[in-house]
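Hello,

Here is the structure I promised to pass on. Please open it first; my notes follow below.

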Amino acid sequence: MNLMRARKTVKAALILSIAFLIFGSPSAALEIKRKTLADGLTLLHVKRDNLPVVMVTLLLKASPLDEPADRAGLAYLTATLLTEGTKSRTSSEISEETEFIGASLDAGTNQDYTIVRLSVLKKDINKGFELFSDVLLNPKFSNEEIERKRELIKGSLRQREEEPSYVADRAFKRELYGSHPYGRVVEGSGETLDKINRKEIVNFHKDYYAPNNAILAVVGDVSGEELDGLIKKFFRGWEKAGVPESGHGFEAMKGSRLVRIDKDLTQANILFGGIGIKRDNPDFYAVSVMNYILGGGGFSSRLMRRIRDEMGLAYDVHSFFTSNKEPGYFQVGVQTKNASANTVIEEITAQIKSMKAEGVASGELEDAKAFLTGSFPGKIDTMRKIADFISTVEFYGLGTDYMDRYPAYINSVTPGDIKRVAAKYLDLENCVLVVVADQKKADVKDR
Amino acid sequence: MRKLIVCFAIILLIAAPSYAEVKEYRLPNGLNVLMIEDHKAPLAVFQIWYRVGSRNEPAGKTGLSHLLEHMMFKGTPKYGSKAFSNLVQKYGGTDNAYTTKDYTMYYQRLPSGKIDLSIELEADRMKNLLMDEKETLAERDVVMEERRLRYEDDPQTSLYEEVMAAAFKVYPYRWPVIGWMSDLKGIGRDDLYDYYKKYYSPDNAVIVVSGDINPDELIKKIEAGFSGIKPSPVPRPEITSEEPPQKGQRRVYLKREAELPYMLAVYHAPAFPDEDAYSLEVLAMVLSGGKSGRVYKSLIYEKKIAISAFADYSGLTSGPALFYLGGTASPGRDIGEVERAFHEEIDKIKAGPPSGIEVQKARNQIEASFLMSQDSIYFQAQLTGMYEMAGGWRLKDSYLQGIRKVTPEDIQRVARKYLIEDAGTVGILMPVKENK
């Protein structure tokens, strides 16, 4: 049935704006061949021949971290314009040629990087690489296409105002990060999008779309020699560039804040949280285990057991840590009928306090470790997942043997570690609470 | 839909025989078992499909099937409430379930060495569900929260609900899978238990297992686990309702707080394996298969009147099927323009068949998409199960052949035959701004 797929196609541009969640880690034995080419491109290759298909993920270090605040959305706009025309192909020609071979080619940006992805049948790999390199190296960025895309993004941002979870999340990040790029919507806003001109897009592409600023992951039915040949043939003109340094002062917010947003809704959408950790923080693994027990472990988590199963107050309640290049955040999210908002907020606070004060029981700890290590292979069980995963592993500097080391990292976490990271990162003094609801009915108390 | 709701179902209506070969077994108690071997990763997926969905629900008790799905996680004398998911997760697995209008499906994904756990747990809850009164009431509240989340506070899904209720006046597809709020309030423990005893029977279920398994070994374990469960003695009523031909367009309007106007039009169409199903599938692809599809090109790219637009055909249903057209207007644009543009595109196809190249592209997209999807063992099992629910898993093997036979003239013919104004139901979401 095509409906979801069709909707996905039009929304495809937005799917990459998801953080690298702490809980979304991976593995099983993967033979990754890694090398750095003369032009600085990092190449990762995994051969798979169970199906005649090839999945390609190109990760570029180009994101909102590299754009000025008043040009928010520049990285995203640049990425989504790649497939809208090159020096030799119009936007329609690109989609016609790609779709004729049943391939897909798209690009998107999240908080930390931009990704360009190709999925293609083995028999069409030459054509696939030709299109892939053309959109990457020769985008035209015509004014007409810029205008069109700008309006489409603005329309889609407008529509997302219908989603209470989006409205809440935007307010949450704004409060938490202030003027830091992580405090903005990756797509920008109507105001900042209107300011972006063609020259800025062209320059952004010139500055950041360089081989020495990129990671190319290729997974599928292609040999190392074939791959070398494809890269020689189609990436010949890609030249090393001096990539500008992007620096941001990061200052963690202080104090606790409550944001109420009034909407005609049956449910209160509640987000609570604070600043979390960077991906390279050694506490990542202890935080993963702690969060699994608190609210990351689906039906096994404490928040779910208490608020859903025992109290019947929500369909979904969860927590996660994003772990980014710069400090990510911790967030608990839940929706409950307006009248239950205060009860649910109190319960979340109680669960966090209990985690900080008492830590976890040994049975809980063992179960969490068993899940995190045991479910690892499932995170990379398709070629598409492998290509996406190994490119981010490379980006965050985790090493090609990360999948082998992951179980040991998780298994080394002690009850003391859990208490320590809970005390350190579940900060009830410096935190943000956002409630999008029918405020009269929710009547959220000041805290 | 314990975690996910499938409004329209998510799967492509396609398959080919060369990958994912199915082995079939049948137990004396009527339980059907389908297995697909794929050893690329040390993982296995276990699914159990019950032939019961919202279309089987009696009047006034809508939402029964889905609430029962929730209750299936609430324990048996042997494995208490919540034990199911806890055990699966402890073994490094994930599990979930969802309900549609036609069936209810439960699954676990586990390391392949641990797949015995699925057999033990699913056999146990097929027969021994506790269904404690207090737990039932708490779970009913959870489902009401789910309804608020997915329907009441989501304008486009609310419109979908309105359109279904208008498009079907007789066939029991007219109510939502999650049920009407007032019906949910009236469902009690005994309603659920009777429903469970009637429909959760081995002769009303199909098991599909895929991944790193040895079918001939595994079937022995499945036999040991399930063969002691007797078929339900309670008769299951046939669905005899038939949707009468629609004579005249139906229109529904929904006014509520929203940002952009949205339209959803549906047309009655035959379900798979009707011969026309293949042509309708390709027609949907010609209209909506990516950015080179006619709908994106016209409404979004050229006219710029919509920010999203799609055509879809969902023919894998047990009851009558529908063809969908839908789109969200661009800011400042009228939804009437979007509706007219859709009609122009349909009229063009009625006036002249699409080009041979266009049809070839649509077929290539369907085939490539199928091949790529076979990388997922979950999807292999899911597709097999969906065909089995809709009429028999073997049908999936003839599907690509059917797609390959579709000609441009077939596409024109089915557009003329089914996409007719008088047989359509059009829903319009009209945003109203609350003064808040």
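Start with the contact between the chains. Chain B brings 69 residues to the contact, and chain A brings 63 residues. Please keep in mind that this is a predicted model.

Which elements build the side of chain B that touches chain A? Those giving two or more residues are α2 (83-90), β5 (104-111), α4 (133-152), α9 (275-288), β9 (306-314), β10 (321-329) and α12 (356-373) of chain B. The top contributor is α4(B), with 9 residues. By residue type, this side of chain B holds 29 nonpolar, 19 polar and 21 charged residues.

Now to chain A on its own. The domain assignment splits chain A into domain 1 (10-234) and domain 2 (256-385 + 396-442). Note that domain 2 of chain A is given as two segments. The centres of the two domains, taken over C-alpha atoms, are 28 Å apart.

The two domains of chain A also touch. Here 32 residues of domain 1 of chain A meet 39 residues of domain 2 of chain A. On the domain 1 side, β3 (53-60), α6 (164-177) and β6 (214-220) of chain A each supply at least two residues. The largest share comes from α6(A), with 9 residues. This side of domain 1 of chain A divides into 20 nonpolar, 7 polar and 5 charged residues.

Next, a sheet in chain A. The sheet is open and has 5 strands, in the order β7-β13-β8-β12-β10 (chain A). Its pairing is mixed. In general, strands of a sheet pair through backbone hydrogen bonds, either parallel or antiparallel.

Which strands lie at the edges? They are β7 (256-262) and β10 (317-321) of chain A, and each pairs on one side only. Neighbouring strands are turned by 15° against each other on average, direction ignored.

Look at the β7 end of this sheet. There, β7(A) runs parallel to β13 (residues 431-437) of chain A, and 7 bridges join the two strands. To find one bridge by eye, go to A:Ile261; its partner in β13(A) is A:Val436.

Two helices of chain A are worth finding next. Helix α11 (residues 302-310) of chain A packs on the sheet and touches β10 and β12 (329-337) of chain A. The direction of α11 makes about 160° with that of β10(A). Helix α12 (residues 341-358) of chain A lies across β8 (267-275), β12 and β13 of chain A. This α12 helix of chain A runs at about 25° to β8(A).

Over to you.

Best wishes

Key
Residues are numbered from 1 along each chain as its sequence is written. Chains are lettered from A and ligands numbered from 1 in the order in which they are written. This is a predicted model: local features need pLDDT of at least 70, side-chain atom pairs count only at pLDDT 80 or more; totals for chains, interfaces and linings use all residues. Domain bounds come from an automatic or database domain assignment. Two residues are in contact if their C-beta atoms, placed from the backbone, lie within 7 Å. Helices (H or I, at least four residues) and strands (E, at least two) are DSSP runs, numbered from the N terminus. Ala, Val, Leu, Ile, Met, Phe, Trp, Tyr, Cys and Pro count as nonpolar, Asp, Glu, Lys and Arg as charged, and the others, Gly among them, as polar. Two strands pair if DSSP finds at least two bridges between them. Axes are lines fitted to C-alpha atoms, for helices over the stretch in contact, and angles run from 0 to 180 degrees between N-to-C directions.
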